[in-house]
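Please open the model in your viewer and keep the sequence panel beside it. The tour below moves from one selection to the next and says what is to be found at each stop.

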Amino acid sequence: MSEAANDDEVDSAGRVVVDLDGAISLLGRFPALSGLDLTVVDGEIVLLRGPNGAGKTTLLRLCAGLAPLSDGSGRVLDYDLVVRRDRRRLRRESGLLSHQTFLYEELTVEENLKFWAQANRVELDTIEPVLDRLDLAGRLRNVSISALSTGQRRRASLAVMVCRRPKLWLLDEPHAGLDQAGRDFVDDIVRHAVRFGATVMLASHDLDRSIDLATRVVQLAGGQVSGPSEASHVS
Amino acid sequence: MFHDAWIMARKDLRIEWVTRVATGQVLPFGALVLILFGLALNPDLVIVGAERRSILAQIAPGLFWITVLLASLLALGRSFAIEANDGNIDALKMAGLDPAGVFLGKAMAVAVQLLAIEVVLGFGAFVLYGTPLANVVMLFCAVILATVGVAAAGTLYAGIASGLRARDTLVPLLVLPILSPVLLAATLSTEVAIFGGSGGWSWVMLLGVFAVIYLGVGMLAFGPVMEET
């Protein structure tokens, strides 16, 4: 990390994609986010750092339109997080890679991709190049998800995300369970997505690797941003 | 909506084809219940009007539909377990699928599985309990409409319970009371269909009304259900 960057400098870089002001998100009665302020602009790769329970996963789910905004205000991709219809539209334009695979274990890699492509109204023609690119086109294509290793499952989840081409990529521990080659591969996919106009927020405990990937680091603690954002080097 | 319903139904049936839960677990369970009824109940003859029937044959329609309802609980639980396992309900929301389409698709897949189970169980009931068959068309209509009603109401309530920790015990508690009118109408229409008599079509029409109501309510209510899951 070379220099500190304040919000104004970040804002001037492009269109605001995520704009949260005093965001509170309750999980049951527990405030997983407790008055969080954050601005993310187009093309950024923002690394969310913080201990377990800091609110990283909830922040990603909030930005995906899945976690509720209980208080405060928030706009993501110009959709108001308070408005239910907006949250539904936001979900279609954002992509979440989480601890869960979002895949049907009983179906093969190809069957999963076809289903999710149809569900997301993506042309089926896009599947083949994605399978090739994620090294799933060979024998893995017809293997059920339950028979894949953790890394292979993650690649299959990423394949669905690549097919969807979301504007906002929300990655929760994208390097978890991957070997060196797998981690390099994730980084390549993320950089490629950003080159084609996506914005990325990722939560990771793999700091060495993630800091190389990120253009900015945001520290979270207790459901809030706990310090000034730090600019990472531009990858 | 129909696109979403179609891909959901096709996916659920593909998973069933791969895992064979309905044929490997639900169907044997239903068959076992039918056999246990046969063992537990008195096979003596009773006089009904001018006819002499065995007690088992007389109560066969009720036993059949109770068995179908119990089997449907397993099929419904399975239908939502596949969505809960890997966070797929979130992925369905992210895909922006029409909740009414998701509901219809899941209900359609459950209905197809139940119909297949009912064909086998029905054949078993005819053999085990020695029931006659007076009106095939009425039986066919009653089975189709009752199955749609069971699948629709069951899918809605299994969806409501799917986000809860106690879902396995809650589904029967929620679904069985709601389905009691279907059980009554299905039993009475089946009774007329196999033994003959009057009033059977009224019960079939009532089953149609239940099916339409449950489908309509399910399509309207499944959006909030998915949001809260």
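In what order do the four strands of the open sheet in chain A stand, and is the pairing parallel or antiparallel? Before selecting them, bear in mind that this is a predicted model. The order is S3-S2-S5-S6, and the strands pair in the antiparallel sense. Strand S3 (30-41) and strand S6 (79-80) of chain A are the edge strands, and because each has a single partner strand, one side of each is left without a neighbour in the sheet.

**The sheet, pair by pair**

Select strand S2 (residues 16-27) of chain A together with S3(A): nine bridges join these two strands in the antiparallel sense. Within this pair, A:Val16 can be picked out opposite A:Val41, a residue of S3(A).

Now keep S2(A) and add strand S5 (residues 71-76) of chain A, which pairs with S2(A) in the antiparallel sense over five bridges. A:Leu20 is a convenient residue to click on here, and its bridge partner in S5(A) is A:Gly74.

Moving on to S5(A) and S6(A), one finds an antiparallel pairing over two bridges, in which A:Val76 has A:Tyr79 of S6(A) as its bridge partner. The hairpin of S5(A) and S6(A) has two residues between the strands, and A:Leu77 takes a positive phi near 50° there.

**Chain A as a whole**

Select the whole of chain A next, which contains eight helices and 12 strands. Its radius of gyration is 17 Å, close to the 18 Å that the globule rule gives for 235 residues, so chain A is as compact as a globular protein of that length. Measured out along the principal axes, the C-alpha trace of chain A spans about 50 × 40 × 30 Å. Buried residues account for 49% of the 235 residues in chain A, and of the contacts between residues at least 6 apart in sequence, 71% join residues at least 24 apart.

**Three arginine and glutamate stops in chain A**

Go first to A:Arg121, in the loop between helix H4 (109-119) and helix H5 (127-133) of chain A. Although A:Arg121 is not a glycine, it has a positive phi of about 55°, and with 13 other C-beta atoms within 10 Å it is partly exposed.

A:Glu173 is the next residue to select, in the loop between strand S8 (168-172) and helix H7 (180-195) of chain A. A:Glu173 also is not a glycine and has a positive phi, here of about 50°; it is partly exposed, with 19 other C-beta atoms within 10 Å.

Then select A:Arg209, which is placed in helix H8 (residues 207-213) of chain A. A:Arg209 counts as partly exposed, with 18 C-beta neighbours inside 10 Å. Leaving aside residues up to four places away in sequence, A:Arg209 touches A:His175 and A:Arg183. If you draw a distance from A:Arg209 to A:Gly177, which is 32 residues away along the chain, the separation of the C-alpha atoms is 14 Å.

**Chain B and its helices**

Turn now to chain B, whose secondary structure comes to eight helices and two strands, arranged along the sequence as α-α-β-β-α-α-α-α-α-α. The radius of gyration of chain B is 18 Å, close to the 17 Å that the globule rule gives for 229 residues, so this chain is as compact as a globular protein of that length. The C-alpha trace of chain B spans about 65 × 30 × 30 Å along its principal axes. Buried residues make up 52% of the 229 residues in chain B, and 82% of the contacts between residues at least 6 apart in sequence join residues at least 24 apart.

Within chain B, select helix H8 (residues 200-228), which has 29 residues and reaches 41 Å from its first C-alpha to its last, close to the 42 Å expected at 1.5 Å a residue. Where in H8(B) does the kink lie? Look at B:Ala221, shortly before the proline B:Pro224, where the kink is about 45°.

**The nonpolar core**

For the last stop, select A:Cys63, A:Ala159, A:Val200, B:Ala142 and B:Leu207, which touch the most other members of the largest nonpolar core, a set of 156 residues. Helix H6 (residues 136-162) of chain B supplies the largest share of this core, 16 residues. Centre the view on B:Leu207, whose contacts, not counting residues up to four places away in sequence, are B:Ala142, B:Leu145, B:Ala146, B:Gly149, B:Val182, B:Ala185, B:Ala186 and B:Ser189.

Notes:
Residues numbered from 1 in each chain as written. Chains lettered and ligands numbered in written order. Predicted model: local features only at pLDDT ≥ 70, side-chain atom pairs only at ≥ 80, totals over all residues. Pairing = 2+ DSSP bridges. Expected span 1.5 Å × (residues − 1). Bend = angle between axes of the 7 residues up to and from the residue. Rg over C-alpha atoms; globule rule 2.2 N^0.38 Å. Buried ≥ 20, exposed ≤ 12 C-beta atoms within 10 Å, placed from the backbone. Contact = placed C-beta atoms within 7 Å. Core = buried A, V, L, I, M, F, W, Y, C linked by C-beta atoms within 7 Å.
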